[in-house]
Amino acid sequence: MRELKKSNYNVTMISPRNHFVFTPLLASTSVGTLEFRCITEPVRNDSRNHSYYQAQCNDIDFKNQRVHCTSWIGEIIAVGSHCNTFNIPGVDEHAHFLKDINDARRIRKRIIECFEEASRPGLPEKTKNDLLHFVVVGGGPTGIEFSAELCDFISKDAIRTYPEDLVSRVRMTLYDVAPQILGSFDSQLSEYAHKKFKHKGIEIKTKRFVDQVQADHLVIRDEGKVPYGLLVWATGLTPSPLIDTLADRVALDAGNQRMMTDGKLQLLEKDNLETLQNVYALGDCATIDDYDLPATAQVATQKASYLAKVVLTEGNNKTKTTPHNNFMFKNRGKMVFIGSSEALIDMSSVHELAKQSGRLAWCLWRSAYLGMTFSIRNRMLIPYHW
Ligand SMILES: Cc1cc2nc3c(=O)[nH]c(=O)nc-3n(C[C@H](O)[C@H](O)[C@H](O)COP(=O)(O)OP(=O)(O)OC[C@H]3O[C@@H](n4cnc5c(N)ncnc54)[C@H](O)[C@@H]3O)c2cc1C
């Protein structure tokens with residue numbers, strides 16, 4: 001939307017969320033390293049030249065080019081995705097997710113509640129210990145970054161605020177069904193993170209399956225009941241409900257998770273795989289036929305720039321000089337914060353030796369994300385809070 005000119009297009013944005021969230025730094029807000037406003041940008045700042053409606057898109061009539069919405073105070077489809085609970089009983093009701101600002105706010109509140117509840121006089125020792133058991137399910141980048149932030153919070157901030165007797169009871173456990181954490185990273189880097197976490201006292205339990213979640217405990221297969229005070233669920237993504245509604249008309253990928261587009265991001269019809277005229281899909285909710293890419297902000301933003309700069313210029317009445325190429329992803333690698341001023345950078349997709357762990361990687365991690373922040377306000381606020 002920011003790249004489209006009002007003189008060429010009549011743009012309407014529809015989203016129940018009236019702000020953009022810079023998710024790479026979301027985990028930092030859940031423990032107070034950064035304030036919530038540091039990672040949000042109001043949509044209306046960029047919508048002065050375009051229209052914005054706070055509403056939810058429930059259905060799309062492709063034939064008549066109508067978007068059906070419910071106002072409850074999203075024809076480019078970018079409705080993101082939801083957290084995957086794998087239909088494990090109790091996860092939706094009791095676990096905390098980390099997808100949005102409100103999730104980070106709830107997590108922050110719950111951490112404080114756990115400390116305050118555990119400090120009540122007369123509480124049995126076991127209850128105190130259970131309240132101060134912080135569990136994370138999912139050893140991907142989100143689960144790892146959250147665990148790292150929480151561990152830093154406990155060792156640097158909680159230690160100054162709460163009695164020693166309380167802080168020394170804190171336990172952190174990270175569960176994953178996979179054999180190793182950070183499976184998408186180079187194995188040397190993921191082993192480095194594993195070692196660092198172990199050293200900090202974070203227990204990593206891989207090859208574990210969660211069978212059930214209750215208000216105060218989870219049930220782990222072959223382990224039994226595990227009491228917790230806070231449970232953060234970070235096991236990946238599931239499609240937005242809008243995709244279920246459109247499933248009878250649009251082509252979906254093999255796992256029925258994402259809508260399928262052609263190389264120019266035009267949505268494909270379900271039965272004949274023909275392109276739906278004037279309808280594009282990008283971001284976590286879409287994938288390109290025969291060119292599957294991960295659901296990351298890196299892919300989403302490159303697709304957005306492609307769509308704004310290349311495909312939509314076709315509608316500009318300008319003489320086309322070159323035929324427009326299909327979208328090509330430039331993999332710039334991945335980064336993850338692992339706590340105590342350390343990070344991992346894996347750019348092995350660019351060069352096999354381009355891997356970095358430790359403090360230098362952390363400096364690069366911070367500079368990269370600061371560089372990607374787009375308002376001057378946040379470029380000043382983020383370093384101030386850091
Ligand atoms: C904690 C966390 C950390 C991450 N870190 C990284 C990282 O370091 N690097 C990286 O590349 N990626 C990262 N990601 C992934 C990245 O955030 C996503 O890939 C990216 O946000 C996808 O963009 P999107 O626009 O498709 O979806 P989103 O950013 O999820 O935006 C979807 C928007 O659609 C709105 N919406 C939903 N349903 C409807 C509807 N029915 N009608 C109208 N509007 C609707 C939502 O309110 C929202 O505003 C991270 C994700 C998380 C959760």
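Two strands pair if DSSP finds at least two bridges between them. Strands (E, at least two residues) and helices (H or I, at least four) are DSSP runs, numbered from the N terminus. This is a predicted model, in which local features need pLDDT of at least 70 and side-chain atom pairs count only at pLDDT 80 or more, while totals for chains, interfaces and linings use all residues. Residues are numbered from 1 along each chain as its sequence is written, and side-chain values use heavy atoms, leaving out hydrogens and water.

Let's start with a hairpin. Strand 5 (residues 56–61) and strand 6 (residues 66–70) run antiparallel and are joined by five bridges. Asp-61 stands opposite Arg-66. Four residues lie between the strands, and Gln-65 takes a positive phi near 55°.

Now move on to an open sheet. Its four strands have the order 11-10-9-15 and pair in parallel. Strand 11 (202–205) and strand 15 (230–233) are the edge strands, each pairing on one side only. On average, neighbouring strands here are turned by 15° against each other, direction ignored; axes are lines fitted to C-alpha atoms, for helices over the stretch in contact, and angles run from 0 to 180 degrees between N-to-C directions. Helix 4 (residues 101–118) packs on the sheet, touching strand 9 and strand 15, where contact means heavy atoms within 4.5 Å.

Finally, look at His-133, which sits in strand 9 (residues 133–137). Why does His-133 count as buried? Its relative accessibility is 1%, and buried means under 20% relative accessible area (exposed is over 50%, partly exposed in between; 1.4 Å probe, protein chains only). Among the residues that His-133 touches are Arg-171, Tyr-228 and Leu-230.

Conventions: Lists of a residue's contacts leave out its neighbours within four places in sequence.
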